[in-house]
Amino acid sequence: MDTMEAIANILLRLCFVGLCILGLYLYYVVWFVPERVRKKLLKQGIGGPKPSFPYGSISEMKRLTIMEKKKRDSEAIGAIKHDYRSAVFPYYEKWRKEYGAVFAYKMGRVVMVHVSEAEVVREICLCVSLELGKGTYLKKTHEPLFGQGILKSNGLAWAHQRKLIAPQFFLDKGMVDLMVDSTIPLLKSWEIKIEQNGGIADIKIDDDLRAYSADVISRACFGSNYVQGKDIFLKLRALQKVISKPNMLAEITGLRYLPTKRNREAWRLNREIHALILKIMKQNGAEEKNLLSAILRNASMEHMGPKEADKFIVDNCKSIFFAGHESTAVTASWCLMLLGMYPEWQERVRAEVHDVCGGEPSDAKSLQKMKILTMVIQEALRLYPPGAFVSREALQEMKLGSIIVPKGVNVCAPVSTLHYDPNIWGKDVHEFNPERFANGLIGACRPPHMYLPFGAGARTCLGQNFAMVELKIVLSSIISKFTFSLSTKYRHSPTLRLIVEPEDYQEKMSENEERTAIMDNITEKIHEFTSSSDSDNEMPSTVFITQKSLFGRTEPVHVVLGGGKAADIVLWRNKKLSGAIFVGVTMTWYLFEWIGYPLITFLCQFLMLLLAVFFVWSKAASLTKMSPPNFPEVLLSEDIYSQVTQYVRHEINEAFVTFCYIATGKDVLVFLKVIAGLWLLSVVGSWSSLLTFSYIVFVLAFTVPVIYETYQDPIDSNWDKFMDWNRISVAIKLLKIIRGHLKGE
Ligand code: HEM
C-alpha cells in the first residue's frame with residue numbers, strides 16, 4: 001500500500017511538472033518568441049501599438065472598428081466619400097498617424113510590419129527570392145478556401161504550380177468569344193427587368209455580375225462542363241462568407257477542430273466542393289483543352305498517389321475560382337457605381353464604345369482601342385482596389401530596403417494607403433479622375449510601383465490581362481445598351497470580406513434607346529441556380545453500391561461520422577494527433593480514476609501554483625527592471641455567446657419534445673426500446689464510475705469505427721450471417737432460461 005502511495009505521489013508530481021512545462025511552452029511560443037521579434041524591430045526604430053497578452057492588438061482593432069461603426073451609424077447620410085480607409089481600417093489610420101509610415105503590430109502571435117514607404121514597397125516588388133512568400137498567418141482558418149493551391153503555397157511548390165498554370169491564361173480569340181457569350185444572359189435579364197418596370201428599374205447588380213464572372217471563369221476552366229462549375233462558385237461564395245471572420249482563438253489553440261456551427265458549415269461546404277470538382281474532373285476527357293485538364297495531366301505526370309493528386313487538383317481549382325471570380329465581379333461593380341455617379345464619364349465611354357464597335361459585339365481588336373474605358377477601370381482600381389494588402393512573409397531573415405526583417409514577420413503594403421497618397425497622385429487624389437491615366441501608368445503615378453491593384457513582383461496576379469479583357473467586355477456591353485445612375489436605395493458602405501467589396505449595391509437603369517424595356521429572368525435564373533445545386537446536394541446523380549453495407553449505409557464511414565476533422569481524428573487519419581488525444585485522455589483517466597486524485601483538489605492546486613507564479617513575477621517586476629505579467633483582456637464575443645445559447649436552447653427543446661413523445665406512449669416499440677436501453681445503461685453504469693464509463697465510450701469511439709473501416713469488406717459481407725447465428729444462439733439461451741423457470745430451477 002505504501003509503495004502504491006509513493007508511486008501515486010511521484011506520478012502526481014510528474015503531472016504537475018508536465019503541466020508547468022506545457023504552460024511554459026505555450027507562453028514561449030505565443031508570447032516570448034513574438035515579443036523577441038518585435039523588440040528586434042523596435043531596435044531598428046520600428047514602433048507600434050503595445051500588444052496585450054495573448055492576442056496582441058486584436059482587441060484594440062475590434063474596439064476601434066466598433067467605435068467607428070457607431071460613429072458612422074449616428075452620422076447623417078452625406079455625399080459619397082471614396083476614401084474608405086477610416087471606415088474599414090480605422091486602426092491603421094490611427095497607428096500610421098502615431099508611429100509613421102512603417103510600424104509593427106501583433107495579431108495573436110504573428111508580428112506584422114505595415115509599410116507604406118516607397119523604398120520598402122519597391123523592395124517587395126523587386127524581390128524574387130522564394131524566401132519571401134505568402135503569409136502562413138490565418139492559413140489554418142483559410143485552409144478550406146485555398147488549400148495548398150497556387151494562391152497560398154510557397155517555395156518550390158508554388159513555383160511549380162505557377163509554371164503549370166501561367167500558360168493557360170494566354171488569351172486567344174476563343175476566350176474573347178466566350179466572354180462575349182457570357183454577357184448575353186446578363187444583358188437579357190436586365191432588359192426584361194427594365195421592360196417589366198416600364199422602362200426604368202432599380203437593379204441590384206453585384207450578384208448578377210458575380211454570376212457573369214462565374215460563367216466566364218467556369219467556361220475557361222471547365223470547358224464543356226461549365227454549368228456544373230457554377231455550382232462550385234455558389235458553394236465557394238457561401239464558404240467564403242462562413243470563414244471570412246478570422247478566428248484567432250482557433251489559429252492559436254487548434255479549436256478549429258471543434259464542431260461549432262460555423263466549423264460544421266465550413267466542413268460541409270468544403271466536402272461538397274471537393275466532391276463536385278472531382279466529379280467534373282472525372283467527366284472531363286483528357287483531350288479537353290482547359291485549365292482543369294492541364295492540372296489533371298500534370299498531376300498524373302507527377303506520379304502522385306490518388307489522394308495526393310485529388311488534393312492537388314481540388315486546391316488549385318479552388319484557388320483559380322476564387323482569384324478569378326470575386327475580384328473581377330467586384331471591380332465591375334465599382335466601375336458601374338463610379339460611372340453611375342459621374343454621367344459625363346459614362347457618356348464618354350459610351351461614345352468611345354460606339355465609335356470602336358459601331359453596334360457590333362466587342363472583339364480582341366476593338367478592345368485594344370478602348371482607351372477611355374481602360375482609364376476608367378484603372379481609376380476604379382485605384383480608388384477601390386479589391387485586394388486591400390500586398391503582403392509577404394519572411395520565410396527566412398532578410399533585408400528589405402533598410403529593414404532587417406526577422407523570420408516569420410509579415411510585411412504588408414496597404415494598397416489603399418498607397419493609392420490615396422497625395423505625394424504620389426497629386427492634390428486631386430480623393431477624386432474620380434480617369435484622365436490621370438491618359439498617358440498610362442507612368443504619367444499617373446510616380447513611382448509606378450505604388451499602384452498595386454494586381455499585386456507586385458514574382459507573385460503578381462496571373463490573371464490581370466484576363467481580368468482587364470473580361471472587364472472591358474462586360475462594361476462596354478452594358479454601357480452600349482443601358483444608361484444608368486445610382487439608385488436612391490444605394491448605401492455606400494465598402495466592407496472587407498477577404499476583399500473590399502460594396503456592402504449593398506443598386507443601380508437605376510434604363511435602356512439607351514428610349515425603348516420600353518423587354519423581359520426579365522435574373523431572379524429566376526438565380527433561383528434555378530440555387531435549386532439545381534440543392535438538388536445535387538441531396539442526391540448525387542450516380543451512386544455505386546457494390547455490396548450491402550452495415551445498417552444499410554450508402555456513404556463512406558468518414559461521411560457517416562460527420563466528415564471533417566472530427567471524423568479524421570476518430571478514424572486516425574492523422575496518427576500523431578489521434579495518438580496524442582488518446583494518450584492524453586488515457587493519462588487523465590488514469591490520474592483521476594486509478595490514483596484517485598480528486599478533480600477539485602487538482603483544480604485548486606493548479607490554481608494555487610498559477611497564482612503563486614504570477615504573484616512572484618509581479619513582485620519581482622516591481623523590484624527589478626523585468627516587465628510585469630500582461631494579463632489578457634477577456635472579452636466574450638456576443639457571437640459566441642448567442643451561438644452557444646441558441647445551441648443549448650435548441651438541444652433542451654428537442655430533448656423535451658422527445659421526452660413527451662416517448663412518455664405519452666405514441667410509439668410503444670420506441671418506448672420499450674428506450675426503457676430497455678436505459679435499463680442496460682443503469683446496469684453498465686453500476687459496474688463503474690461515470691468517469692470510467694465515459695472513458696470506455698471514448699475508447700470504443702476511437703477503436704470501433706477505425707477497425708470497421710479497415711476490415712469493412714469482410715465485416716459487411718459476414719454481418720448478416722453473424723446476426724442470424726446470434727439470433728439462433730440468443731433464442732436457444734432464452735429457451736433454456738424459460739425451461740429452467742418451468743422446472744423451478
Ligand atoms: C480585377 C480583377 C483582379 C484583381 C484586382 C486581382 C488581384 C490580385 C492580387 C492583388 C493578387 C496578389 C498579388 C500579390 O500578392 O502580389 C492576385 C493573385 C492572383 N490572381 Fe488575381 N486579380 C484579379 C483577377 C484575376 C483573374 C481573373 C484570375 C484568373 C482567372 C486571377 C488569378 C490570380 C492568381 C492565380 C493569383 C496568384 C498568383 C501567385 O501567387 O502566383 N486574378 N490577384
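A residue counts here as buried if 20 or more other C-beta atoms lie within 10 Å of its own, as exposed if 12 or fewer do, and as partly exposed in between. The structure on display is a predicted model.

**Whole chain.** Begin with the entire protein selected. By the definition above, buried residues make up 31% of its 745 residues. Colouring by secondary structure shows 30 helices and 12 strands. Among contacts with a separation of 6 or more, 74% join residues 24 or more positions apart.

**The shell around the ligand.** Next, select the ligand together with the 24 residues around it. Those that come nearest are Gly324, Gly387, Gly455, Cys461 and Gly463. Two elements, α14 (306–341) and α21 (464–481), give two or more residues each to this shell. The largest share, 6 residues, comes from α14. Coloured by class, the shell shows 14 nonpolar, 8 polar and 2 charged residues.

**Cysteine 461.** Keep the ligand in view and centre on Cys461, one of the residues that come nearest to the ligand. An unreviewed UniProt entry lists Cys461 under "binding site". In the model, this cysteine is placed in the loop between α20 (440–444) and α21. Is cysteine 461 buried, exposed or partly exposed? Its count is 18 other C-beta atoms within 10 Å, and cysteine 461 is therefore partly exposed. To see its contacts, display Phe454 and Gly455, which cysteine 461 touches once neighbours within four places in sequence are left aside. Gly455 also belongs to the residues that come nearest to the ligand.

**The largest nonpolar core.** Now hide the ligand and select the 133 residues of the largest nonpolar core. In soluble globular proteins, nonpolar side chains tend to be buried together. Within this core, Ile124, Cys335, Val376 and Ala413 touch the most other members. Helix α14 supplies the largest share of the core, 17 residues; α14 also gives the largest share of the shell around the ligand. Centre next on valine 376, whose contacts, not counting residues up to four places away in sequence, are Cys335, Leu339, Trp345, Val349 and Pro434.

**Helix α28.** Finish with residues 668–687, which form helix α28. How many of the 20 residues of α28 are buried? The number is 0, so α28 lies largely in the open. A distance between its end C-alpha atoms gives 29 Å. At 1.5 Å a residue, the 20 residues should span 28 Å, so the two values agree.

Terms used
Residues numbered from 1 in each chain as written. Predicted model: local features only at pLDDT ≥ 70, side-chain atom pairs only at ≥ 80, totals over all residues. Near = placed C-beta within 6 Å. Helix = DSSP H or I, 4+ residues; strand = E, 2+ residues; numbered from the N terminus. Nonpolar A, V, L, I, M, F, W, Y, C, P; charged D, E, K, R; others polar. Contact = placed C-beta atoms within 7 Å. UniProt positions renumbered as here; feature names shortened; annotations may be inferred. Expected span 1.5 Å × (residues − 1). Core = buried A, V, L, I, M, F, W, Y, C linked by C-beta atoms within 7 Å.
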